Amino acid sequence: MSFATLWESLLPIGRDGLSGGYRRFSWTPEDAACRAWFTQAAAERDLRVLTDRNGNLWAWWDPPGGPDARPPAGAAGDSGAPSPRAGAGAVVTGSHLDSVPDGGAFDGPLGVVSAFAAVDMLRERGCLPARPLAIAAFSEEEGARFGVACLGSRLLAGAIDPGAARALADAAGVTLAEAMAAAGHDPDGIGPDDGLLAAVGAYVELHIEQGRALADLDAAIAVGEQIWPHGRWRLDFTGRPDHAGTAILADRRDPMLPFAGAVLAARQAAASHGARATVGKVTAEPGAVNAVSARVSAWLDARAPDEPTLQAVVGEVLAAAQEAAAGHGVELAAEPESVTPAVMFDQGLRDGLASSLAGRGIQAPVLPTGAGHDAGVLAARVPTAMLFVRNPTGVSHSPAEHAEPADCAAGVRALAAVLEDLVGR
Ligand code: GLV
Ligand code: MN
Ligand code: MN
C-alpha cells in the first residue's frame with residue numbers, strides 16, 4: 001500500500017470541519033478511531049499489534065522464527081515485546097497520533113505512517129529483519145488533554161509517578177484513570193515497564209520539522225541533534241470578582257492585569273535570552289464580559305538552548321508575575337506541569353543514521369529543535385535519534401502545517417534506509 005493511501009485513510013479522523021485542524025485527544029472517541037486505524041494498518045501487514053500497560057501501541061515485525069519466549073498474549077504487562085534477553089536489540093520507530101487543539105495533520109502521524117510505509121518498502125526489497133522491529137504510537141504526546149507532555153512515554157520510562165498520573169485531570173475534571181477506564185484500558189497497570197524497555201535497542205522517530213531550517217537549507221531531510229530543555233508552568237491569578245460598571249478602579253483586585261503583565265514579561269524574557277516563551281492557553285472565571293474576573297489561569301510554555309537560560313527565563317517571568325500580582329492585590333500560585341531536561345541524541349546512533357543516509361546519497365544536515373518528542377523522553381532509557389522532514393513554511397501546531405508529498409516520500413526512503421541498516425540482514 002502506498003504512503004498516500006495510508007495517509008489519506010487517517011486524514012478524516014478527528015478533523016474539525018470548521019478550522020481544518022485536528023482534535024485527537026487521548027482516550028476520546030477520536031483517539032479510539034486512531035487506535036483502530038493503527039491496528040488495521042498493522043493487521044494488513046501481519047504485524048503483531050499490542051497495547052502496552054501505558055496505552056502506547058506497538059506493532060511488531062518479528063524476525064523469521066518469531067520472537068523468543070515472549071509472554072502469553074493478553075497477560076498483564078504484555079506489550080508483545082520479545083523477552084529482554086532475546087530481544088535486546090529491537091529497533092523501534094514511530095511517533096504519536098494525538099494532536100494539540102486544532103493541530104496539523106503531520107505532527108506525529110507523519111512518523112507513524114512513514115514507519116508503516118518504510119516496512120512496506122523493506123519488504124518489497126526482500127529485507128528480513130535480523131532483529132525485531134516495532135512501530136510505536138505513544139499516547140498523549142502533546143499533553144493536550146491531561147497537561148503533561150509525552151505522558152505515554154514518560155510513564156513507560158518511569159519519568160512520572162503512576163499515582164500522580166492517574167490523578168491528572170482534564171478541563172472537565174475527568175481524571176486520566178477515569179478516562180482510561182472509560183476507554184477500556186486498566187489504569188491500575190500504568191507505570192514503568194522495564195521489561196519492554198530492556199527489549200528495545202534503539203528508537204528512531206521521524207517527525208515533520210517544526211521550523212523552517214530545512215527550507216532555508218534547501219534540504220528535505222535532517223538528522224536530529226538535540227532537544228532544547230523545555231517545560232510548562234501553570235499560573236493561577238486569584239482576585240475578587242466584581243461589577244465592570246460600578247467597581248471603581250482603585251478598589252479592584254483584577255487578576256487579568258497581572259496576567260497581562262506576565263504575558264508581556266514572557267515575551268521580554270524570551271527576547272532578551274534568545275529563548276522562547278509563550279502563553280497559548282488562558283481561562284478566565286467566571287468569564288463574564290461585564291465582570292472583573294475571579295480567577296485567571298494561564299499556562300507558560302518556555303524553552304531555551306540550555307538549562308541555565310531556561311531557568312533564567314522562567315525565573316524572570318514568575319518574578320514579574322508575582323510583582324504584578326502583588327501590585328493589584330491578587331494572589332498568584334505557580335507550579336510546573338511538565339519539565340523536560342536538555343536531550344542530546346545518542347551520538348553512535350546519530351552517526352549510524354548519517355552514514356545510512358550518506359550511503360544512499362541523501363544529504364541530511366544535523367539540526368537541534370525546540371520541539372518536544374517521545375524520543376527525548378525515551379533518550380533517558382534507550383539510545384534514540386530523530387529524522388526531520390522539511391516543512392516549507394515551518395508552521396506547526398496549526399492547520400497550516402505541511403510537508404510536500406515529495407518530501408514525505410524522501411522521509412520514507414530515509415527511514416527505510418536507516419531501518420534497513422539497523423535491522424536488515
Ligand atoms: C510538542 O510538539 C511540543 O513541542 O510541545
Ligand atoms: Mn506537537
Ligand atoms: Mn510531535
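How many disulfides does the structure hold? Zero. Keep in mind that what you're looking at is a predicted model. Let's start with the cysteines and then move on to the metals.

## Cysteines without partners

Here's the background: a disulfide is a covalent bond between the sulfur atoms of two cysteines. Take Cys 150 as an example. The closest cysteine sulfur to its own belongs to Cys 34, and that is 17 Å away, too far for a bond. To count as a disulfide, the two sulfur atoms would have to be within 2.5 Å. Cys 150 is also buried, with a relative accessible area of 4%. Cys 127 counts as buried too, at 8% relative accessibility.

## Two manganese ions

Now for the metals. Which residues hold the manganese ion called ligand 2? Its protein donors come from Asp 107, Glu 142 and His 397, with Glu 142 giving two OE atoms, and they lie 2.0 to 2.7 Å from the ion. Read along the sequence, these donor residues are spaced D-x34-E-x254-H. Distant parts of the chain are linked here: Glu 142 and His 397 are 255 residues apart. Look for Glu 142 in the loop between strand E4 (133-138) and helix H4 (151-157). His 397 is in the loop between strand E15 (384-389) and helix H13 (405-423).

Are these two residues buried or exposed? Glu 142 counts as buried because its relative accessibility is 7%, under the 20% cut-off. His 397 has 39% relative accessibility, so it counts as partly exposed.

The other manganese ion, ligand 3, is coordinated by His 96 (NE2), Asp 107 (OD) and His 207 (NE2), at 2.0 to 2.2 Å. Its donors follow the spacing H-x10-D-x99-H along the chain. Once again the chain is brought together from distant parts, since Asp 107 and His 207 are 100 residues apart. Asp 107 sits in the loop between strand E3 (90-96) and helix H3 (109-124), while His 207 is in strand E5 (residues 200-208). Asp 107 counts as buried at 5% relative accessibility, and His 207 is buried with a relative accessible area of 1%.

Did you spot the name that turned up twice? Asp 107 coordinates both manganese ions, which are 3.6 Å apart.

## The neighbour, ligand 1

What surrounds ligand 1? The residues around it are Asp 107, Glu 142, Gln 210, Arg 303, Ala 371, Gly 372 and His 397. You've already met some of these: Asp 107, Glu 142 and His 397 are also donors of the manganese ion (ligand 2). By class, the shell has one nonpolar, three polar and three charged residues.

Three of the side chains around ligand 1 have a polar atom close to one of its oxygen atoms, as the table sets out.

| Side chain | Distance from its N or O atom to an oxygen atom of ligand 1 |
|---|---|
| Glu 142 | 3.2 Å |
| Arg 303 | 2.7 Å |
| His 397 | 3.0 Å |

How much of ligand 1 does the protein cover? Taken alone, ligand 1 exposes 190 Å², and the protein buries 93% of that.

## Some backbone details

A few spots in the backbone are worth a look. Glu 285 and Pro 286 are joined by a cis peptide bond, with omega about 0 degrees. Pro 286 lies in the loop between strand E9 (276-285) and strand E10 (291-292).

Next, check two residues that have a positive phi even though they aren't glycine. For Trp 27, phi is near 65 degrees. You'll find Trp 27 in the loop between helix H1 (3-10) and helix H2 (29-44), and it counts as buried at 9% relative accessibility. For Asp 102, phi is near 55 degrees. Asp 102 has its place in the loop between E3 and H3, and that loop also holds the metal donor Asp 107.

## Out at Gly 65

Finally, jump to Gly 65, in the loop between strand E2 (57-61) and E3. Is Gly 65 buried or exposed? Exposed, with a relative accessible area of 85%. How far is Gly 65 from His 207, one of the donors to ligand 3? They are 32 Å apart in space, C-alpha to C-alpha, and 142 residues apart in sequence.

Definitions and conventions. Residues are numbered from 1 along each chain as its sequence is written. Chains are lettered from A and ligands numbered from 1 in the order in which they are written. This is a predicted model: local features need pLDDT of at least 70, side-chain atom pairs count only at pLDDT 80 or more; totals for chains, interfaces and linings use all residues. Side-chain values use heavy atoms; hydrogens and water are left out. Donors are N, O and S atoms within 2.8 Å of the metal (3.2 Å for Na, K and Ca); water is not among the atoms, so sites may look incomplete. Helices (H or I, at least four residues) and strands (E, at least two) are DSSP runs, numbered from the N terminus. Buried means under 20% relative accessible area, exposed over 50%, partly exposed in between (1.4 Å probe, protein chains only). A residue is near a molecule or strand if one of its heavy atoms lies within 4 Å of it. A polar contact is a pair of N or O atoms within 3.5 Å; within protein, one must be able to donate a hydrogen and the other to accept it, and residues adjacent in sequence count only if both atoms are side-chain atoms. Accessible areas come from the Shrake-Rupley method with a 1.4 Å probe; for residues, only the protein chains shown count as cover. Ala, Val, Leu, Ile, Met, Phe, Trp, Tyr, Cys and Pro count as nonpolar, Asp, Glu, Lys and Arg as charged, and the others, Gly among them, as polar.
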